[in-house]
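Student: I have a model open and want to go over its helices and pockets. Can we start with how a helix span is judged?

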Amino acid sequence: ISILLALVFAYMINDKVYFKKFNRLCFFVPYISSMVALAAVFRFLFRSDGPINLILTTFGVQEVPKWLTNSTLCKIPIICVMVYAGIGFNLIVYMAALQNVPRELYEAAEVDGASGIRQFFRITLPLLKPTTFLVMILALIDLFKAYGLIISLTDGGPGAGTKFAVQYIYEQAFLKQNLGYASTLSMVLFGIMAVITMIQFYVNKGGAVGD
């Protein structure tokens, strides 16, 4: 979600938009903010009596969701924090890539009568394929670094509804002293990440304009 939104916002901001530098700064500030601080803010927003439920109440919702204690809904605050924090970096990377796209390609497409949407899908997206590959790898790494966010926001709960693999490995190694089991899990996790990365490498091959 953060990659998709970053691409859309980068494409919009990279065009003729006022206060371009200010907009980039606004998107990038969450990325450099403390994840624990962001978790505290979103924990307040998603409280049972928090601003989000107050807004839902004003729209006539009688039974407001219990975001942080419902085993189904508890993932939504985590997703929101990670998307909010991840857009900024991805947006900066995409904007740098967009500025390297030759304007001549768009001018030639306009002469041929290509619409803006067609230019985006036939020129912009193919040329941004290596950049998308990069941000997907970095997003995957950030996903497995979300330990601090989970601990600060939900502590893996309710139950094990938001317990990530890294948190489970930590508990096995340092709380239950199952070091061998935790080491095995770490190697399995490393293998999974390596396979996903290899798949992304394979998908990223090609990337010529008009693919």
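Tutor: The expected span of a helix is 1.5 Å times one less than its number of residues. Note that this is a predicted model.

Student: Ok, what span does α5 reach from its first C-alpha to its last?

Tutor: α5 has 24 residues and reaches 33 Å, close to the 34 Å expected at 1.5 Å a residue.

Student: And where does α5 bend?

Tutor: At I87, by about 35°.

Student: Switching to pockets. What volume does the largest pocket have?

Tutor: The volume of the largest pocket is about 520 Å³. Its lining has 20 residues, and S2, M82, A139, D142 and L143 are the closest to the centre.

Student: Which elements give two or more residues to that lining?

Tutor: α5 (75-98) and α8 (129-143) do.

Student: How does the lining of the largest pocket split by class?

Tutor: There are 15 nonpolar, three polar and two charged residues.

Student: How much space lies in the second largest pocket?

Tutor: About 330 Å³. Its lining includes Y11, N14, D15, R103, Y106 and E110.

Student: Which elements give two or more residues there, in the second largest pocket?

Tutor: Those elements are α1 (2-13), α6 (103-111) and α7 (116-127). α6 gives the most, with three residues.

Student: And the classes in the lining of the second largest pocket?

Tutor: Five residues are nonpolar, four are polar and three are charged.

Note on methods
Residues numbered from 1 in each chain as written. Predicted model: local features only at pLDDT ≥ 70, side-chain atom pairs only at ≥ 80, totals over all residues. Heavy atoms only, no water. 1 Å grid on protein atoms, 1.4 Å probe; cavity = no way out; pocket = protein on both sides within 12 Å on 5 of 7 lines; lining within 4 Å. Points joined across faces, edges and corners; volume = space filled by probe spheres on them. Helix = DSSP H or I, 4+ residues; strand = E, 2+ residues; numbered from the N terminus. Nonpolar A, V, L, I, M, F, W, Y, C, P; charged D, E, K, R; others polar. Bend = angle between axes of the 7 residues up to and from the residue.
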